[in-house]
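Grab a viewer and work through these exercises on the model below. Try each task before you read its solution.

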Amino acid sequence: RCENLVEVYFQLQQQVMAASTELGPELLPRLLERFNEVLSSLVKSSFLVEKQPPQVLKTQTKFQASVRFLLGPRLLKALPKPYVVRADMVTEKQARELELSNYSNTLSESTGEILHNTVALETNPTSGNCCANFKNVLLKKIKRCERKGSESVTEEKCAVLFSTNITLTPGNISVHLQVLSLPIVVIVHGNQDNNAKATVLWDNAFSDIDRVPFVVAERVPWDKMCDTLNLKFMAEVQTTKGLLKEHYFFLAQKIFNDHSASPEDFQSRHVSWAQFNKEILPGRGFTFWQWFDGVLDLTKRCLKSYWSDRLIMGFISKQYVCKLLSMQPDGTFLLRFSDSEIGGVTIAYVMRGKDGSSQVENIQPFSAKDLSIRSLGDRIRDLGQLRNLYPNIPKDQAFGSHYNSEWGGPA
């Protein structure tokens with residue numbers, strides 16, 4: 001623990017001072033200087049962000065954050081007035097310069113205007129923790145940096161720098177405490193939220209712990225991307241039922257635009273940031289992430305229980321649906337996420353003509369708005385042409401627990 005290390009430090013310092021005569025006038029100052037360096041380093045490392053600011057931060061929106069000084073209760077006793085912690089917005093370049101200087105440099109200019117950005121560093125008498133709690137901080141405006149090539153504002157990362165100056169006794173050692181938040185993407189409009197979340201997700205998932213701020217790989221192994229999408233899906237939807245191997249295969253075909261490779265072929269591939277959220281999917285008006293995030297939102301809002309009961313196949317191509325259903329009895333159906341629309345779920349079913357030929361039909365996708373008016377379960381009950389959920393489960397058996405009143409209602 002930090003407190004124990006500080007106690008060891010003070011004990012050693014006392015022993016050195018007691019032996020000052022034996023150490024002599026040359027060695028003693030060097031030892032004391034070294035002690036001060038060690039103490040300063042230890043103190044700086046105990047200044048931490050306890051509650052991170054939102055990683056997608058909209059201007060003119062209040063947010064909260066807190067920093068904690070682990071050694072505060074030990075070192076900041078009986079002060080006439082508390083020290084004040086300041087919060088400033090810094091660019092990626094400024095964050096990098098601070099990191100490379102080992103936080104010995106001080107910030108020359110904030111890259112944004114933050115209101116209510118100074119808070120007292122105080123020890124809570126109940127918990128004993130020494131914290132500065134920022135409760136009503138507001139980023140009024142942000143200064144944008146020059147961007148490289150096709151880089152958009154939602155790919156620009158910055159951070160909040162928390163800083164304060166304290167004096168340690170005995171010795172009156174002045175220490176400048178600084179700590180950076182996790183990277184933040186600042187937006188000014190709600191329609192930038194989706195792309196900003198993509199930048200944050202990529203950074204959180206694929207950055208190295210000891211990196212220079214905020215360097216992250218441009219290409220990552222596909223299996224790591226699968227893990228990330230699965231964890232994101234389960235966390236957002238709040239389900240224990242994650243993605244399956246066949247789902248990953250469909251997603252690989254989509255993001256790589258390759259329908260000839262096998263699942264094993266994709267395992268050795270790398271996926272780029274551009275494929276994830278810069279390149280428009282063929283024949284569509286949106287990126288892979290924009291489409292996937294739409295599925296997340298729809299499932300979280302309207303389909304959580306259906307997904308958790310494994311009633312939605314979801315991630316499957318229209319072509320493969322035809323292959324599965326074409327040999328099935330009349331009225332066999334399954335549910336898949338729409339390829340052509342963001343945030344839609346569609347029902348595919350097979351119907352047979354009098355000559356015995358099969359035809360697979362796809363019902364117009366339902367959006368979250370549609371399903372808030374009448375639930376998916378009730379819509380399935382309404383459609384008489386639907387009989388058995390693929391492969392052969394009677395629809396009332398599969399969806400009966402999801403039926404609402406005769407008049408319907410949200411799922």
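Four exercises follow, each with a worked solution.

This is a predicted model, so local features need pLDDT of at least 70 and side-chain atom pairs count only at pLDDT 80 or more, while totals for chains, interfaces and linings use all residues. Residues are numbered from 1 along each chain as its sequence is written, and side-chain values use heavy atoms, with hydrogens and water left out.

**Exercise 1. Describe the largest pocket and its lining.**

Step 1: get the terms straight. On a 1 Å grid over the protein atoms alone, a pocket is an open set of points with protein on both sides within 12 Å along at least five of seven lines; a cavity is a set where a 1.4 Å probe fits but cannot get out; lining residues have an atom within 4 Å of a point. Points are joined across faces, edges and corners, and a volume is the space filled by probe spheres set on them.

Step 2: the largest pocket holds about 690 Å³ of space. It is lined by 29 residues, and Glu99, Tyr103, Leu180, Ile209 and Pro213 are the closest to its centre.

Step 3: two or more lining residues come from each of helix H2 (20-45), strand S1 (47-51), strand S9 (173-180) and helix H5 (193-206). S9 gives the largest share, five residues. Helices (H or I, at least four residues) and strands (E, at least two) are DSSP runs, numbered from the N terminus.

Step 4: sort the lining of this pocket by class, and you get 11 nonpolar, 12 polar and six charged residues. Here Ala, Val, Leu, Ile, Met, Phe, Trp, Tyr, Cys and Pro are nonpolar, Asp, Glu, Lys and Arg are charged, and the others, Gly among them, are polar.

**Exercise 2. Which residues line the largest cavity?**

Step 1: the structure has one cavity of 30 Å³ or more, and the largest has a volume of about 30 Å³.

Step 2: its lining is Thr91, Thr111, Ile142, Lys143, Cys145, Glu156 and Cys158. That makes three nonpolar, two polar and two charged residues.

**Exercise 3. Find the pairing partners of strand S7 (residues 130-142).**

Step 1: two strands pair if DSSP finds at least two bridges between them.

Step 2: strand S3 (residues 62-69) runs antiparallel to S7, with six bridges; Arg68 sits opposite Cys131.

Step 3: strand S5 (residues 112-115) is also antiparallel to S7, over four bridges, and Leu115 faces Leu138.

Step 4: strand S6 (residues 118-123) joins S7 through two antiparallel bridges, with Glu122 opposite Cys131. The S6-S7 hairpin has six residues between the strands, and Gly128 there takes a positive phi near 80°.

**Exercise 4. Is strand S14 (residues 345-352) enclosed or exposed, and what surrounds it?**

Step 1: six of the eight residues of S14 are buried, so the strand is largely enclosed by the rest of the structure. Buried means under 20% relative accessible area (1.4 Å probe, protein chains only), exposed over 50%, partly exposed in between.

Step 2: S14 pairs antiparallel with strand S13 (residues 332-337) over five bridges, and Leu335 has Ile347 as its partner. Five more antiparallel bridges tie S14 to strand S15 (residues 358-362), where Met351 stands opposite Gln359.

Step 3: zoom out to an open, mixed sheet of five strands, in the order S15-S14-S13-S16-S17. S15 and strand S17 (393-394) are its edges.
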